[in-house]
Each structure stands twice: as C-alpha cells, then as structure tokens.
Amino acid sequence: MTQQTPGVSPGTEPLDLVESNPGRAEAWVGRLAFTLGPILLAFITCGILLAILGRDPIAFYRDILTGGVLRASGLQDSITRMVPILLIGAGLIVAFRASLWNLGADGQYLLAVAFVAGVGPSVVTAMPPVLGWIVLALGAVAIGAAWTIIPGVLKARYGLNEIVTTLMMSFIGVGIANLLVKGPFKGDQMVPQTGVIPADGMLWDLAGTTIHVGVIVALVVVLIVHVVLTRTSFGTRLDVLGANPRAAVHLGIDVPRLIVVAFMVSGGLIGLAAATDILGTFGYMRADWNPAYGLKVVPLVFLARLNILSLIPLAAFFGVLSIGGDYATRLAHLPNDFILLFVGLMLLFMIVTQYISARRARRDPTLPRRRSAAREATA
Amino acid sequence: MAEILPAAPGMSTAGTTVPAVELSAITKAFPGVIANDRISLQAMHGEVLCLLGENGAGKSTLMSILSGLYQPDSGTIAVDGREVAITSPRTGRELGIGMVYQHLSLIPTLTVLENLMLGSNPGVVLDETAALARLTELSETLGVHVDPTARIGSLALGQQQHIEIIKALWKGSKVLILDEPTSMLTPQGIAELQKVLLGLKTAGLAIIFITHKLHEAIAIGDRVSILKQGRVVGSLGPEDLRGMTAADVQARIVHIMFGDDGGQVAGIAELREGFDPVRARRADRSGTPVILELSAITAPGARGQHGITDASFAVREGEILGIAGVDGNGQRALAEVIAGQRKATAGEIRFAGEPITTLSVSQRQRLGLRYVTDDRLHEGVLGRYPVSINLVLKRIGDAPFWRRGAIDRTAINATARELIREFDIRTPSTDTSIGKLSGGNIQKALLARELSFDPRVVVFNKPTHGLDVRTINMVRERIRALAARGVGVIVISTDLDELIDLSDRVAVLFEGRIAGILDNGPDAATRIGELLVGVESAAAAA
C-alpha cells in the first residue's frame with residue numbers, strides 16, 4: 001500500500017468544485033448540502049446585518065418573496081430574468097469545466113448587445129421578424145465568440161493567464177460597446193442610446209404573460225449544452241483538460257485547439273444571452289448601461305458545481321432574489337447593492353463549506369486521531 | 001562480487017554498549033494506513049544498521065520521525081541513552097542526527113564550499129577559512145579527496161553524494177541517516193560508499209542505511225532489520241551476517257519478507273544478493289526489423305530540466321532497450337519527444353521506416369506507439385475520475401466507447417471489467433476514483449491502458465518506481481512478455497539493477513546526450529558505471 005499525502009498542508013487542498021465522479025447515491029445528499037448550506041448561511045448572516053441596520057430581517061425576506069414570486073408581474077419578471085443568467089451561466093460552465101476562467105463575460109455580452117440593439121431596429125423591419133431574430137442571434141453569437149479569440153489564442157499558444165486577458169478584453173469590449181452606442185449606432189433621440197426595436201419586432205410573449213419566448217430558447221439551449229457536456233467526447237475532453245492539462249497533452253488531446261474552441265463556445269452562449277435580452281426585454285441599449293451579469297453569475301455556476309441541471313433552479317432563485325430584492329430594498333430604504341452583498345456571502349460560504357467537507361472526507365474513522373487514542377490502541 | 005563489494009567489518013569500535021539511537025515502540029498512523037507499528041530499533045556507535053523493506057513498508061516515515069519532520073503518535077526515542085523529543089528538523093540536527101535524502105539537495109551552479117556554507121554559516125559574513133578547515137577535517141574522516149572550488153554540477157554522482165554526507169555531518173553529527181542513496185549508484189559507486197562508511201564507523205558514528213535492495217543491505221550493513229507493513233519482522237546481527245554465505249543470508253531474508261511465498265519473487269533484482277545479471281539477455285536481434293529510430297534528435301527540456309541533444313538510436317522489434325542515467329539528465333524530454341508531447345527542434349523520428357516527427361500524440365498512439373509515463377498521478381491518470389474512464393482515456397471519441405459523439409458507459413464498463421481482470425487491478429468497482437487506489441494498482445491500470453489495443457512500441461519511464469516487490473515483478477514480467485510478442489520496448493530507468501535485469505542493450509544518458517550504447521552482459525553494470533560519470537568528470541578524474 002502506498003502512502004500518498006501524509007503531511008500535506010491543508011493550504012494546498014484543491015477545491016473540488018467540479019463533480020467528477022457522478023452517480024453515487026450518497027453524493028446527492030452532499031451535493032444538496034453543498035448548494036443549500038451556503039445559501040442558508042448567507043440568509044442568516046444578511047439577517048444579522050439587517051438587524052444591525054435596524055431593519056426587520058423577516059419582513060425583508062418576506063418582501064423579497066412577495067416582490068419576486070407572489071405578485072404576478074414580479075413572478076413574470078423573475079422568470080424573464082432567468083434568461084441571461086441561464087445562458088451566461090452555461091457559457092461560463094463550458095469554459096470553467098475546462099478550467100478556463102472566462103471572466104470577460106461583460107465585454108462579450110455588451111458588444112453583442114450593442115450590435116443587436118444597434119442594427120436590430122433596421123433588421124427586423126427589413127425582413128420577417130423571425131428571420132431577423134435568427135440573423136441577429138447568429139450575429140450576437142459570432143461577436144461574443146469572436147471577442148474570446150484573442151484570450152483563447154494567447155492562452156493556447158503562449159500560456160498567458162486568461163483571467164487577466166479576458167478581464168482586459170472585457171474592459172475594451174465595454175468601452176467599444178459604449179463608443180458604438182454613442183457613435184454609429186446612436187438613434188434619433190437626444191439621449192445617447194441606440195434606436196428602439198419596434199414592438200412588433202420584439203420576441204413574442206408567451207400567451208397571456210410578459211414572459212418572452214427567449215425563456216424557452218434559453219432552456220432548450222442550456223439542456224443541449226448539458227447533453228454535450230455530459231454525454232459527448234467533446235464534454236469529456238473539456239473535463240480532462242479542466243482536471244489536468246498535463247494529462248490532456250499526454251492523452252493525445254489537441255489542447256490548443258480545444259482551448260480556443262471552448263472559449264468561443266463560451267463567448268457564443270454569452271452573445272446569445274445578449275440577443276435574447278435585447279430582443280425579448282429591452283429593445284434598445286442606453287450608453288453606459290451595464291448589468292454586470294458576468295461576475296454575478298460566477299458564484300451561481302460554482303454553487304451549481306458547474307452542472308447545468310443544478311444551475312436551472314439556482315437561476316430561478318437568482319431571478320427571484322434580484323427582482324424581489326429590488327422590491328424589498330426599496331421598501332427597506334436600502335441601496336439595491338445589498339443583494340450583491342448576499343451573493344458575495346454565498347460564494348464565501350460555499351468555499352468554506354467545500355473546504356470543511358474536503359477535510360472531513362479525508363478523515364478515516366478507523367484510525368486513532370490523537371496521540372492519546374493511539375496510545376490506547378497500542379497498549 | 002567479492003572484489004567489488006568486500007564484506008564489511010562489523011565490530012563496534014567505540015567500545016560502548018549504550019545505543020547511539022534507540023527507538024522504542026514507535027507508532028505513526030496516517031489516514032488509511034499505519035505507517036509504523038510499534039517499531040523498536042537500536043543503532044550502535046561504529047555500526048551500520050540497514051533498514052530493508054519494500055516501498056511502503058514504513059522506512060521513510062520512520063526516518064522522518066527520527067529527523068524531526070513527523071511526530072510519532074506514540075513511542076519514545078533515546079539518543080545516547082537519554083530520552084528526547086525531536087520536535088523539528090532543527091532539533092534533530094542539534095541532537096546530532098544528520099540526514100542524507102533520496103534526492104540530492106545540492107545546488108549545481110554553486111561550488112562545493114558555497115553549498116556547504118549555505119545555511120550553516122554562523123554569522124552574516126561568510127567565514128571561508130573556518131569552512132575550509134571543517135571540509136578538510138571531514139573529507140579526511142571520509143577518506144575522500146574533495147576540491148572545494150569545484151562546481152557541484154561538474155561532479156559525478158558519487159562525489160556529489162560525498163558532499164551530501166559532509167553537509168549532513170557539518171555540525172557534528174553522531175548519527176547519519178542515508179535514505180535510499182544508491183538507486184543509480186554503480187558497482188564502483190557502492191564500493192566507494194562502503195569505503196566512506198568505513199571511515200565514519202571508525203570515527204564512531206552510528207549509521208542508518210535505508211534501502212529496498214537486499215544486496216545493498218548485505219553488502220553495507222553490520223545489522224539488518226527488515227520492515228514489512230510498518231513492523232519490524234526480523235533482524236540479522238553481525239554474527240548472522242558474517243557467519244553465513246551471501247546466498248544463505250539472501251534466502252533467510254526473503255523468507256522473513258515473504259514467508260513461504262518467497263519463491264515467487266526471489267528472482268527479482270531487488271532480492272538478489274549480487275549485481276550479476278542472472279537473465280543477461282544479450283539476444284542477437286540484428287536480424288529483426290527496426291521499429292523505432294531516432295536520428296540526431298534535439299529537443300528542449302521542461303523548465304529547469306535537461307533537454308535532449310543529438311540523440312540517435314534504434315529499437316528493433318522484440319528488443320528491450322534500456323536507458324540508464326541519473327534522474328534529470330533528459331529522461332523526461334526523451335520520453336516526451338518520442339511520444340509526441342514535446343516538439344523536436346532538430347532530427348527525425350521514424351516508426352517502421354516512416355517519419356513521424358511531425359505527427360501528433362494521438363496520431364502516434366494510433367500507430368501503436370505508447371508511452372507509460374513516470375508521473376502516474378499527475379499525468380497518467382485523472383485521480384478523481386472512475387477507473388473505467390481512466391482506462392479508455394486515450395481513446396476519447398473512438399468506437400465503441402463513443403458512438404457518433406455520445407458516450408457509451410456500458411461499453412466502457414465492459415472493457416474496463418475485462419482489463420481489470422486481465423491486469424489484476426485491485427479496485428472496489430469500476431466506478432471507484434482511480435486516485436484512491438494504491439500506486440501499484442494505478443500502475444497496473446496504466447499498463448492496461450497502454451498495452452491493450454495493439455501496441456508496437458512502448459516507452460516505459462521508470463516503470464517500477466515506488467512500487468512493492470510483487471507489483472515490480474509483475475510489471476517486469478509484462479515488459480518481457482511484451483518484447484517476446486515482438487513489441488519494441490524502451491525502458492527508461494534510474495535503477496541500474498532493473499536495466500540489467502530487463503534490457504538487451506543499455507544506452508546511457510548523460511546531460512541530455514547518449515554517452516554510449518552497450519550490450520547487456522556480465523560486466524555491463526561496471527561499464528555503464530564508467531559511462532555514467534560522464535565525459536567531463538571522467539576527464540577530470542584522469
């Protein structure tokens with residue numbers, strides 16, 4: 001029997017963020033605890049903070065529920081809000097599973113938004129709306145994907161850290177998007193914004209609601225992504241690369257090509273989120289508008305352990321939290337940044353929970369733990 | 001054997017009966033294994049105590065406890081009869097316990113004297129005069145000549161080891177621990193080490209020598225204690241070692257280690273009493289076709305490692321070509337350039353006559369070129385993934401495991417079960433994460449993956465490193481069987497015994513160059529030893 005890791009300091013504990021060995025029954029309980037535990041802890045901590053700030057935590061959480069679920073308009077808004085979360089989340093998951101940290105979602109998203117909002121009004125009037133939507137969606141996907149090519153190639157060929165390059169490309173992308181909105185894509189209005197897509201050029205709403213069909217599109221797309229990630233050789237290659245790039249080279253995977261492809265798929269899905277948001281919800285882009293989805297979605301995809309099936313309920317939860325949170329913070333006279341605090345705490349608690357469960361997993365109850373126990377055993 | 005490894009005198013010269021170090025009932029457990037189980041040992045002044053045991057028997061844990069790296073769960077340590085607590089490596093050094101580790105720790109770009117003054121100079125200003133005096137004193141005790149201004153990198157391995165020993169003794173050690181110091185030491189090197197140890201014994205030091213090779217233990221030890229699964233399972237005193245023939249001692253130790261099953265593994269190089277190649281093959285394969293040929297291959301190394309310069313050799317079908325060399329002389333670069341993981345900057349590789357220099361890793365795999373990596377855990381397998389997936393990882397996307405892009409877990413599991421049976425991989429199930437298996441079983445899984453699906457050339461990099469004797473035996477049998485089937489085999493190893501045991505021919509790798517290729521035979525170990533010291537050092541010695 002070989003002894004692998006006596007004395008490895010806990011600081012080197014790799015965070016086991018991607019589930020790699022699915023299918024064991026016991027894992028389900030752990031997975032649920034892993035997801036719900038941090039959320040619960042974040043609720044408690046935020047509750048304490050609210051109490052310190054002189055607000056009633058119970059009332060606050062009730063308001064979130066009221067604003068995000070119980071009111072019909074709130075519920076519909078929450079469901080609509082899921083669309084960008086799902087698509088951006090799926091985009092991040094594709095990259096993150098390969099340990100490619102695409103943190104440039106905002107630039108990819110806003111460039112695609114500027115394109116769709118900028119040319120959308122004329123495209124949807126020049127051709128049948130359905131055709132126009134397809135053209136715009138494909139364009140948005142292409143732009144999102146294209147914006148990842150530079151970080152992808154730099155990573156693939158020269159090993160440059162994609163965290164830095166995607167972030168920098170994101171700043172550049174956000175800047176260009178704003179330049180476009182203030183320049184070539186500026187509409188006829190006085191304010192710096194694009195033209196507005198006419199109401200009959202917007203995505204259809206589901207019968208009797210304000211929920212646009214983008215919700216269906218997003219669900220179908222992320223389910224396809226899920227199948228690709230879990231059932232195909234492409235998904236396996238991504239997982240291998242993510243688990244161990246050296247092994248990926250050893251196993252004969254064309255790593256540079258895979259890196260570029262994974263980045264482009266990631267950016268493409270984020271571009272699709274931009275298209276559905278503009279065509280379904282907003283209809284135009286105002287200059288300097290930035291919902292900053294990129295970094296808000298990161299905690300969610302980790303909570304979902306980079307699994308899309310787990311992302312769907314979390315996206316719903318986030319939709320409720322952000323729509324209901326707007327409502328609750330307004331009633332409580334708090335800035336709506338308070339919700340960001342909640343999201344940040346979730347991620348923090350998730351890492352702590354993960355660390356503790358990894359520690360526990362290494363423990364072997366059949367062995368003496370302390371010196372005294374060992375003495376008893378040998379006596 | 002006698003003239004290479006003269007029997008060591010075993011008398012205690014310090015004339016004391018108080019052990020230099022006495023371990024009493026030392027126990028140390030790690031999750032999943034009790035590394036040391038109530039171990040009691042005595043090391044006497046003026047004697048060499050050999051700790052003999054397989055990988056995983058608990059030798060290194062015990063020495064880590066003695067040097068202060070680990071704390072025992074229970075048990076006591078006495079130095080010169082006084083019970084002590086060795087709470088840190090520093091305390092260990094202050095108590096006079098010096099340690100020479102398996103891997104050399106000297107800095108190759110600095111001189112001998114600079115290395116010795118590193119970390120041991122008392123003040124801020126380097127005191128060269130004092131250091132030089134100490135070096136002279138110690139080198140006289142060891143009976144070796146040391147040039148204080150020589151750069152470490154220019155010294156032969158044996159000489160570097162002398163410096164390691166001097167470094168360990170620098171602050172006045174009473175006990176010297178040598179942890180597996182001889183993996184690539186040649187007959188010449190071992191003879192020299194014996195001479196050095198004799199000098200140290202005369203000076204009254206207690207020496208603890210850790211090894212997994214029986215012939216080293218017999219040649220060097222005054223006492224031999226045998227460790228198995230964390231326990232001392234037998235000891236031989238000076239009277240046993242001097243009173244019996246080497247063959248009798250060997251038989252007795254094998255019996256202690258393996259009981260009545262000893263016959264199964266007794267032929268293995270680790271358990272033989274001498275260096276001589278029992279199975280010196282030297283088969284004439286000049287008639288069989290060349291399957292793999294390297295012509296003037298040059299490739300850079302990974303960061304901080306040697307690359308390969310102008311390497312040329314050929315492997316014939318059914319031939320085992322050994323690559324000897326001290327670790328870090330370009331072994332990994334050589335293996336990777338053959339496997340396609342590293343680009344050659346010059347030269348050509350031909351497979352069955354066709355150039356493959358520009359082919360990718362997977363294209364070479366499809367031709368039947370396989371590489372069993374030495375970095376099993378970090379390159380060979382994905383530790384958190386199931387055994388089943390790991391067994392087919394080199395065939396991602398291929399039928400029958402992936403059909404039109406979709407994974408077929410049934411087919412993967414069926415093949416995995418077959419391979420698990422054929423290669424005797426001990427795993428609870430096909431779904432077990434492979435990282436939870438023992439090193440031996442991980443290596444079996446790697447063999448299963450690389451040796452299935454029609455291999456034609458297999459490169460093994462340190463194939464038995466860190467394995468237990470039974471698995472070592474099984475791996476070598478597999479390698480022989482492979483060659484017998486007509487597969488061309490390259491075995492890269494830092495273990496000279498292994499190469500002598502397996503190879504038809506041995507190429508010696510020194511600083512990234514092929515220093516020579518020779519046929520295996522009765523005097524191969526000695527001739528490899530001559531090549532291993534390298535051209536530069538050989539010239540310096542002349």
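Mentor: Two strands pair if DSSP finds at least two bridges between them, and we shall apply that rule here to a predicted model.

Trainee: Over how many bridges do β9(B) and β10(B) pair?
Mentor: β9(B) and strand β10 (residues 231-236) of chain B form a hairpin with two residues between them, and Gln229(B) in the turn has a positive phi of about 45°. Within this hairpin Ile226(B) stands opposite Gly234(B) in β10(B). Since pairing requires at least two bridges, the antiparallel match of β9(B) and β10(B) qualifies, its count being five bridges.

Trainee: Which residue of β9(B) stands opposite Leu49(B)?
Mentor: β9(B) also has strand β3 (residues 48-53) of chain B as a partner, and five bridges join these two strands, which run parallel. Strand β9 (residues 223-228) of chain B is largely enclosed by the rest of the structure, because five of its six residues are buried. The position in β9(B) that stands opposite Leu49(B) is Arg223(B).

Trainee: Which strands of the open four-stranded sheet in chain B stand at its edges?
Mentor: The four strands follow the order β2-β1-β4-β5 (chain B), with antiparallel pairing. An edge strand has a single partner, so one side of it is left without a neighbour in the sheet, and the strands in that position are β2 (33-43) and β5 (82-84) of chain B.

Trainee: What angle does the direction of helix α1 of chain B make with that of β1(B)?
Mentor: In the sheet itself, strand β4 (residues 74-79) of chain B pairs with β5(B) in the antiparallel sense over three bridges, and Val79(B) stands opposite Arg82(B) in β5(B). Helix α1 (residues 59-66) of chain B packs on this sheet and touches β1 (21-30), β2 and β4 of chain B. Its direction and that of β1(B) make an angle of about 115°.

Trainee: What is the average twist from one strand to the next in the six-stranded sheet of chain B?
Mentor: This open sheet has mixed pairing and the order β16-β19-β20-β13-β21-β22 (chain B). Its edge strands, each pairing on one side only, are β16 (369-372) and β22 (513-519) of chain B. From one strand to the next, the twist averages 15°.

Trainee: Which strand's direction makes about 155° with that of helix α11 of chain B?
Mentor: Inside the six-stranded sheet, five bridges join strand β13 (residues 320-324) of chain B to strand β20 (residues 488-493) of chain B in parallel, with Ser493(B) in β20(B) as the bridge partner of Ala324(B). Helix α11 (residues 331-339) of chain B packs on the sheet, where it touches β13, β16, β19 (457-461), β20 and β21 (505-510) of chain B. The strand whose direction makes about 155° with that of this helix is β19(B).

Trainee: Which helix gives the largest share of the side of domain 2 of chain B that touches domain 3 of chain B?
Mentor: Chain B is assigned a domain 2 (290-368 + 454-541) and a domain 3 (387-451), among others, and the C-alpha centres of domain 2 and domain 3 of chain B lie 27 Å apart. Their contact takes 10 residues from domain 2 of chain B and seven residues from domain 3 of chain B. On the domain 2 side the largest share, four residues, comes from residues 469-484 of chain B, that is, helix α17(B).

Trainee: At about what angle does α17(B) run to β20(B)?
Mentor: Besides its share in the contact with domain 3 of chain B, helix α17(B) lies across β13, β19 and β20 of chain B. Relative to β20(B), the helix runs at about 150°.

Trainee: How many residues of helix α12 of chain A are buried?
Mentor: Chain A has 15 helices and zero strands, and buried residues make up 46% of its 379 residues. A residue counts as buried if 20 or more other C-beta atoms lie within 10 Å of its own, and those of α12(A) that pass include Tyr293(A), Lys296(A), Phe302(A) and Leu303(A). Helix α12 (residues 293-303) of chain A is mostly covered, the buried count among its 11 residues being 10.

Trainee: Over which residues of chain A, with 24 contacts beyond four places in sequence, does pLDDT stay under 50?
Mentor: Chain A averages a pLDDT of 85, and 88% of its residues score at least 70. One stretch under 50 is residues 19-23 of chain A, for which the model has 13 contacts beyond four places in sequence. The stretch with 24 such contacts is residues 1-17.

Technical notes. Residues numbered from 1 in each chain as written. Chains lettered and ligands numbered in written order. Predicted model: local features only at pLDDT ≥ 70, side-chain atom pairs only at ≥ 80, totals over all residues. Buried ≥ 20, exposed ≤ 12 C-beta atoms within 10 Å, placed from the backbone. pLDDT = per-residue confidence, 0-100. Contact = placed C-beta atoms within 7 Å. Axes fitted to C-alpha atoms, helices over the stretch in contact; angles between N-to-C directions. Domains from an automatic or database assignment.
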